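The exercises below ask the reader to work from a set of coordinates towards a description of a fold and of selected residues. Each task is followed by a solution that goes step by step.

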Amino acid sequence: MMPGIIPRDQATELGRRLRREGRRIAFANGCFDILHVGHIRYLEGARQQGDVLVVGVNSDASVRALKGAGRPVLPEDARAELVAALSAVDYVVIFDDLTAERLLRDLRPHVHCKGTDYTEETVPEREAMRSLGGQVRIVGDAKDHSTRDLLETIAQRARIAGE
């Protein structure tokens with residue numbers, strides 16, 4: 001495993017260690033299937049919410065369940081490595097669930113960051129964060145970037161090039 005990528009079963013201890021060190025933990029999560037500028041801006045916004053940024057990356061099985069057939073394009077290990085290589089990111093944890101709730105309960109971050117396609121009221125993990133005494137923050141730029149749109153553009157251009 002590359003530096004910065006933490007096995008799922010070590011998330012609890014990572015959170016304990018960071019809190020003992022007095023670090024403010026920000027958490028963000030997503031599929032990150034084909035990294036694009038919206039992901040970068042989201043993670044940079046999340047990093048501003050804490051001293052350390054831990055990113056949950058959905059496993060291949062959970063991406064398939066969330067996004068459907070043909071996804072993910074990149075396997076979980078590659079997606080985790082790409083996210084871990086970003087300067088805004090300190091740690092990456094691959095998780096299997098459809099939401100990050102169990103991972104949040106284990107890590108116990110101070111703030112859970114979601115992108116601008118959410119509001120604080122629509123974040124699926126908002127109640128878990130309230131019960132942990134943490135905050136939910138909406139970060140990043142307007143949601144006008146998506147992997148789905150990027151894949152469609154690639155497919156269109158491939159069709160045009162093949163004509």
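Helices (H or I, at least four residues) and strands (E, at least two) are taken here as DSSP runs, numbered from the N terminus. The model is a predicted one, in which local features need pLDDT of at least 70 and side-chain atom pairs count only at pLDDT 80 or more, while totals for chains, interfaces and linings use all residues. Residues are numbered from 1 along each chain as its sequence is written, and side-chain values use heavy atoms, with hydrogens and water left out.

**Exercise 1. Describe the order of the elements and the overall dimensions of the protein.**

Step 1. Counting the secondary structure gives seven helices and five strands. Read from the N terminus, these elements follow the order α-β-α-β-α-α-β-α-β-α-β-α.

Step 2. The radius of gyration, taken over C-alpha atoms, is to be set against the globule rule, which is 2.2 Å times the number of residues to the power 0.38. For 163 residues the rule gives 15 Å, and the protein has a value of 16 Å, close to that figure, so it is as compact as a globular protein of that length.

Step 3. Along the principal axes, the C-alpha atoms fill a box of roughly 60 × 35 × 30 Å.

**Exercise 2. Characterise the burial, the contacts and the charges of the whole chain.**

Step 1. A residue is called buried under 20% relative accessible area, exposed over 50%, and partly exposed in between (1.4 Å probe, protein chains only). By this criterion, buried residues account for 42% of the 163 residues.

Step 2. Contact means heavy atoms within 4.5 Å. If one takes the contacts between residues at least 6 apart in sequence, 72% of them join residues at least 24 apart.

Step 3. Lys and Arg count as positive and Asp and Glu as negative, with His and the chain ends not counted, and each charge is placed at NZ of Lys, CZ of Arg, CG of Asp or CD of Glu. On that basis there are 24 positive and 25 negative side chains, and 4 Å separates the centres of the two sets.

**Exercise 3. Compare the surroundings of Ser59 and Leu98, two loop residues.**

Step 1. Ser59 sits in the loop between β2 (52-58) and α3 (60-67), and its relative accessibility of 1% makes it count as buried. Beyond its neighbours within four places in sequence, Ser59 is in contact with Glu76, Arg79, Ile94, Phe95 and Asp96.

Step 2. Leu98 belongs to the loop between β3 (91-95) and α5 (101-107), and at 52% relative accessibility it counts as exposed. With neighbours within four places in sequence again left aside, the contacts of Leu98 are Asn58, Ser62, Ala65 and Leu66.

**Exercise 4. Decide how many disulfides the structure holds, and explain the result for Cys31 and Cys113.**

Step 1. A disulfide is a pair of cysteine sulfur atoms within 2.5 Å, and the structure holds zero of them. Cys31 takes part in none, the nearest cysteine sulfur, that of Cys113, being 17 Å away.

Step 2. Seen from Cys113, the closest cysteine sulfur is in Cys31, and a bond is ruled out because 17 Å is too far.

Step 3. Cys31 counts as buried at 12% relative accessibility, and Cys113 counts as buried at 0%.

**Exercise 5. Examine the backbone at Pro72, Ile34 and Arg108.**

Step 1. The peptide bond that leads from Arg71 to Pro72 is cis, with omega near 5°, and Pro72 itself is placed in the loop between α3 and α4 (76-84).

Step 2. Ile34, a residue other than glycine, has a positive phi near 75°. Its loop runs between β1 (25-30) and α2 (37-47), and with 17% relative accessibility Ile34 counts as buried.

Step 3. Arg108 is not a glycine either, yet its phi is positive, at about 55°. Arg108 is found in the loop between α5 and β4 (111-114), where it counts as partly exposed at 40% relative accessibility.

**Exercise 6. Which residue lies 8.7 Å from Asp117, C-alpha to C-alpha, and 21 residues from it in sequence?**

Step 1. Asp117 is located in the loop between β4 and α6 (126-132), and is partly exposed, with a relative accessible area of 46%.

Step 2. The residue sought is Ile138, at that separation in space and in sequence.
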